[in-house]
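Open the model in your viewer and keep the selection panel at hand. The stops below go from one helix outward to the core and then to the charged pairs.

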Amino acid sequence: MAFRRVTCADTAHRGATVNGPTASTAPDALEVVARALGVPDDAIEGAEVRVELPGARAVEAVVDYRDRYFVGLRTGDAMYRVFGRNHWGAPVGVSVHDFAPGADGERSGERWQAWLDGVFA
């Protein structure tokens with residue numbers, strides 16, 4: 001899978017940052033979110049994965065960062081960052097950095113918030 005490098009001059013960034021509900025403070029919350037997205041437990045940095053993004057179809061992504069506190073995914077036009085703040089008693093957080101033409105950060109945030117709430121319902 002090839003991705004072109006996106007620079008600030010290419011397009012405007014439209015993003016969103018959301019926090020999971022209180023239930024996402026559980027010790028395994030980061031793994032729960034990764035699994036709900038479709039990221040295999042054994043996917044390492046550089047792995048190509050097919051993920052189900054909130055409000056979108058399944059897409060191909062690259063795991064561009066992964067450790068016990070963080071999962072980073074990159075698609076052709078966006079980056080998705082899942083923060084395992086649950087390890088410190090805070091809710092899991094998600095940041096979306098969308099560079100696609102017509103991206104709507106507010107709508108994206110609403111979709112991700114509803115999705116996170118549903119994952120931990």
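What covers the buried residues of α1? In this predicted model, the cover includes β2, β3, β4, β5 and α2.

**Whole chain**

Show the protein chain as a cartoon. Two helices and six strands are there, and along the sequence they follow the pattern β-α-β-β-β-β-β-α. The protein chain has 121 residues, of which 40% count as buried. Take the contacts between residues at least 6 apart in sequence: 51% of them join residues at least 24 apart. With the surface switched on, the chain exposes about 6500 Å², and carbon and sulfur atoms supply 51% of that area.

**Helix α1**

Select Ala-29, Leu-30, Val-33, Ala-34 and Leu-37, the buried residues of α1. Turn the view to look down the helix axis: these residues line one face of α1, because they fall within an arc of 140 degrees. An α-helix has 3.6 residues a turn, so residues three or four places apart point the same way.

Move on to Gly-38, just after α1, which takes a positive phi of about 100 degrees.

**The nonpolar core**

In soluble globular proteins, nonpolar side chains tend to be buried together. Which residues touch the most other members of the largest nonpolar core? Select Leu-37, Leu-73 and Trp-112; the core they belong to has 27 residues. At least two residues of this core come from each of α1 (29–37), β2, β3, β4 (70–74), β5, β6 (93–98) and α2 (105–119). The element that gives the most is α1, with five residues.

Keep Leu-37 selected and display its contacts. Leaving aside residues up to four places away in sequence, Leu-37 touches Arg-50, Val-51, Glu-52, Leu-53, Pro-54, Leu-73, Val-82, Trp-112 and Trp-115. Leu-73 and Trp-112, both in that contact list, are the other two residues picked out above for their contacts within the core.

**Salt bridges**

Side chains of opposite charge can pair when their charged atoms come close. How many salt bridges does a search of the whole structure find? The search finds four.

Start with Asp-41 and Arg-35, which form a salt bridge with their closest N and O atoms 2.8 Å apart. Is Asp-41 buried or exposed? Asp-41 counts as exposed because its relative accessibility is 53%, above the 50% cut-off. Arg-35, at 47%, counts as partly exposed.

Next, select Glu-60 and Arg-50, whose side chains meet in a salt bridge at 2.7 Å, N to O. This pair links distant parts of the chain, with Glu-60 in strand β3 (residues 58–67) and Arg-50 in strand β2 (residues 48–52), 10 residues apart. Glu-60 has 35% relative accessibility and so counts as partly exposed. Arg-50 has already appeared on this tour, as one of the residues that Leu-37 touches.

Then select Asp-64 and Arg-81, which form a salt bridge with their closest N and O atoms 2.9 Å apart. Here too the pair links distant parts of the chain: Asp-64 lies in strand β3 and Arg-81 in strand β5 (residues 78–83), 17 residues apart. Arg-81 is buried because its relative accessible area is 14%, under the 20% cut-off.

For the last stop, add Arg-74 to the selection. Asp-64, Arg-74 and Arg-81 are linked in a network of salt bridges.

Notes:
Residues are numbered from 1 along each chain as its sequence is written. This is a predicted model: local features need pLDDT of at least 70, side-chain atom pairs count only at pLDDT 80 or more; totals for chains, interfaces and linings use all residues. Side-chain values use heavy atoms; hydrogens and water are left out. Buried means under 20% relative accessible area, exposed over 50%, partly exposed in between (1.4 Å probe, protein chains only). Helices (H or I, at least four residues) and strands (E, at least two) are DSSP runs, numbered from the N terminus. A nonpolar core is a set of buried Ala, Val, Leu, Ile, Met, Phe, Trp, Tyr and Cys residues joined through side-chain atoms within 4.5 Å. Contact means heavy atoms within 4.5 Å. The arc is that of the directions from the helix axis to the C-beta atoms. Accessible areas come from the Shrake-Rupley method with a 1.4 Å probe; for residues, only the protein chains shown count as cover.
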